[in-house]
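Here are my notes on this model. Please read them with the coordinates open.

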Amino acid sequence: MTWNPYYVGDGIPRDVALAPPPPWRMFPRRAMAKEFKPPAGLVESVNAALHLRRPLLVTGPAGSGKSTVIEQVASELKLGAVLRWHITSRSTLNEALYRYDALGRIHAQRIGQAGGVDDIAPFMQLGPLGTALLPSDHPRALLIDEVDKSDLDLPSDLLDVLERGEYEIPELARYQEDLVSVRQWGSDEHHDIERGRVRCTQFPFIVMTSNGERDFPAAFLRRCIRYTMAPPTVPLLRQMILAHLQIDIDAGGPLKDLVEEFVARLEGGDSLAIDQLLNAVYVISGTTAPEGRGRQEVAELLMRELSRA
């Protein structure tokens, strides 16, 4: 490979001015609401979830734009900043509702920082789901990302909260004060909670994403509006590339060949993500893009199958 505009590999220090990053790697991260192109049937699924006040479960491969759905909906409907709960195998319902630093409170009492007053508020914070269920004049937007990565019991644990739209914080229910001002998730705003009970007045717009790596209980599925992302096609990818990079691949050439090869590999069973294609298009279309054999090597590097090391 001869493409080396920054790193040469000769060990000689040099001043290098990096080019601007691709739009999806700029920080702070910006929402991609305007660039997202909803596939067929997604708009109807979103509206069904909004009408019925049900969570939307979006299933599809990694990088297919599942988590971008809620950014576009929240932007169009002015639902405010998206609350995010990223699921891991260790995630629990309690941590999504609230976080309580019991050890920190005990330590503060021992060293006298509490000033003789037992104040629980500084050691309590609502989680993303707990914040989404606060009383409000309009629904909040909540992303529960990669719910299929959870412990087997978590989807069932969610059922009661999603059905009733309320929860209790036992530590506040037993607390000496009736009202406690608790900090919300993702902001410095506080909300007064009475006797540890939180009841939503507008059920949040919830999008749960899944890579399809496991099945869910029927009781969980019947409480969701379900949508499966369709396999990407050349026309759909053309729209995405045009929206993200303002590049039209219809002119033909190596970029169109790259997109057609990407779709053919997906149809052949390869595990690939759309953001891999966007990375490859961004590099190959740049002003210092590699040519010839170098272009092919870069494309192969950036679009390696995900199931391989």
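Is the crossing of H10 and H11 left-handed or right-handed?

1. The crossing of H10 and H11 is right-handed. Keep in mind that this is a predicted model.

2. Helix H10 spans residues 254–267 and helix H11 spans residues 274–284. Their axes lie 11 Å apart, and the packing angle is about 165 degrees. Angles over 145 degrees count as roughly antiparallel, so H10 and H11 are roughly antiparallel to each other.

3. Look next at the side of each helix that makes this contact. H10 contributes Leu 255, Leu 258, Val 259 and Phe 262. From H11 come Ile 274, Leu 277, Ala 280, Val 281 and Ile 284. The residues of the contact of H10 with H11 comprise 9 nonpolar, no polar and no charged.

4. Now the sheet. It is open, has 5 strands and pairs in parallel. The order is S2-S5-S10-S1-S11. Strand S2 (83–86) and strand S11 (225–228) are the edge strands, each pairing on one side only. From one strand to the next, the twist averages 20 degrees.

5. One pairing can be checked in detail. Strand S1 (residues 56–59) runs parallel to strand S10 (residues 205–210), and 4 bridges join the pair. Within this pairing, Thr 59 is opposite Ser 210 of S10.

6. Which strands does helix H2 lie across? Helix H2 (residues 68–77) lies across S2, S5 and S10. Strand S5 covers 141–145, and H2 runs at about 180 degrees to S5. That angle is over 145 degrees, so H2 counts as roughly antiparallel to S5.

Key:
Residues numbered from 1 in each chain as written. Predicted model: local features only at pLDDT ≥ 70, side-chain atom pairs only at ≥ 80, totals over all residues. Heavy atoms only, no water. Pairing = 2+ DSSP bridges. Helix = DSSP H or I, 4+ residues; strand = E, 2+ residues; numbered from the N terminus. Axes fitted to C-alpha atoms, helices over the stretch in contact; angles between N-to-C directions. Contact = heavy atoms within 4.5 Å. Parallel < 35°, antiparallel > 145°, perpendicular 65-115°, else oblique. Left-handed = near helix turned anticlockwise from the far one by under 90°. Nonpolar A, V, L, I, M, F, W, Y, C, P; charged D, E, K, R; others polar.
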